[in-house]
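Biologist: I would like a close look at a single part of this structure, with the reasoning spelled out step by step. Please take the sequence and the model shown here as the starting point.

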Amino acid sequence: MSGSDQAVLKLMVRKLQQWRPLDKADQQALLALPVRVISLRPQEYIVREGDTPQNCCLVVSGFAFRHKLTGTGARQIFSIHMKGDLADLQNSLLGTADHNLQALNHVEAALIPIGAIQDIAFDRPAVGRAMWYETLVDASIFREWTLNVGRRDARTRAAHLLCEFALRLEMAGLGERCDYELPMTQEQLADALGLTSVHTNRTLMSLGDDGLISRSQRSVRIVDWPRLMEAGDFDPAYLHLNGAPAPVQ
């Protein structure tokens with residue numbers, strides 16, 4: 001195990017410890033996992049729907065996204081993954097991928113064999129619980145995105161997504177809450193919001209005109225955080241960012 005591999009796996013330890021406390025032995029077991037780091041170009045697939053994945057993907061740098069396509073080729077993006085995220089942990093048990101995982105920009109990803117993930121999850125209960133919690137938070141975010149696309153208007157959807165990115169990027173150490181880079185094209189934003197690109201652009205412009213945000217290319221500055229939260233009907237509770245829960249007795 002090289003020092004660079006251990007540095008990569010420390011990202012995984014840090015993320016899992018956000019959900020559950022792990023003792024020294026658990027941490028060392030995670031740092032000993034077999035891993036292979038790969039580089040991906042923008043839009044390159046990590047997993048395609050229908051694949052039988054052999055590895056779980058830990059995002060080391062860059063951004064990845066999960067999506068599905070309709071029979072006519074329309075795309076719905078339903079999650080964005082960033083540094084430290086285990087982007088497809090559920091594939092360690094499901095077997096067949098039911099969606100696509102794709103690089104949003106230049107991505108470094110650490111691939112960990114599914115067998116190794118299964119072994120450590122079952123052999124070390126604290127690690128297994130932390131991984132389980134990771135998938136539960138994923139599901140919580142999916143539910144919020146479903147509500148966003150299904151029941152909120154365009155302005156509320158866009159404001160909500162900008163608020164979520166602000167908190168998640170801050171938590172990952174990738175930006176400040178009110179000043180960050182949004183790594184998505186207008187088309188990708190539209191596919192995440194369930195809108196056309198034109199409607200997405202007009203919506204973001206209206207948030208700027210109302211003094212909530214300012215934009216320069218992909219840079220986003222939140223001018224009025226309380227008003228943007230209100231505009232986005234945003235309650236961060238679904239992100240579960242308050243640290244690990246109390247240990248199970």
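**Helix 8 and its surroundings**

Helix 8 is followed by Gly211, whose phi is positive, near 80°.

Biologist: Which residues of helix 8 are buried, and what do they pack against?

Modeller: This is a predicted model, and helix 8 in it covers residues 197–209. At 1.5 Å a residue its 13 residues should span 18 Å, and because the C-alpha atoms at its two ends are indeed 18 Å apart, the expected and the computed length agree. Its buried residues, taking buried as under 20% relative accessible area, are Thr200, Thr203, Leu204 and Leu207. Viewed down the axis of helix 8, these buried residues fall within an arc of 95°, so they line one face of the helix. That fits a general rule: an α-helix has 3.6 residues a turn, so residues three or four places apart point the same way. On the face turned away from the buried side, helix 8 carries the exposed residues Arg202 and Asp209.

The buried residues of helix 8 pack against helix 6 (154–171), helix 7 (186–193) and strand 9 (213–216). Of these partners, helix 7 has six of its eight residues buried, so it is largely enclosed by the rest of the structure; the buried ones are Gln188, Leu189, Ala190, Asp191, Ala192 and Leu193. They pack in turn against strand 5 (75–81), helix 5 (125–151), helix 6 and helix 8. Helix 7 is followed by Gly194, with a positive phi near 70°.

Notes
Residues are numbered from 1 along each chain as its sequence is written. This is a predicted model: local features need pLDDT of at least 70, side-chain atom pairs count only at pLDDT 80 or more; totals for chains, interfaces and linings use all residues. Side-chain values use heavy atoms; hydrogens and water are left out. Helices (H or I, at least four residues) and strands (E, at least two) are DSSP runs, numbered from the N terminus. The expected span of a helix is 1.5 Å times one less than its number of residues. Buried means under 20% relative accessible area, exposed over 50%, partly exposed in between (1.4 Å probe, protein chains only). The arc is that of the directions from the helix axis to the C-beta atoms. Contact means heavy atoms within 4.5 Å.
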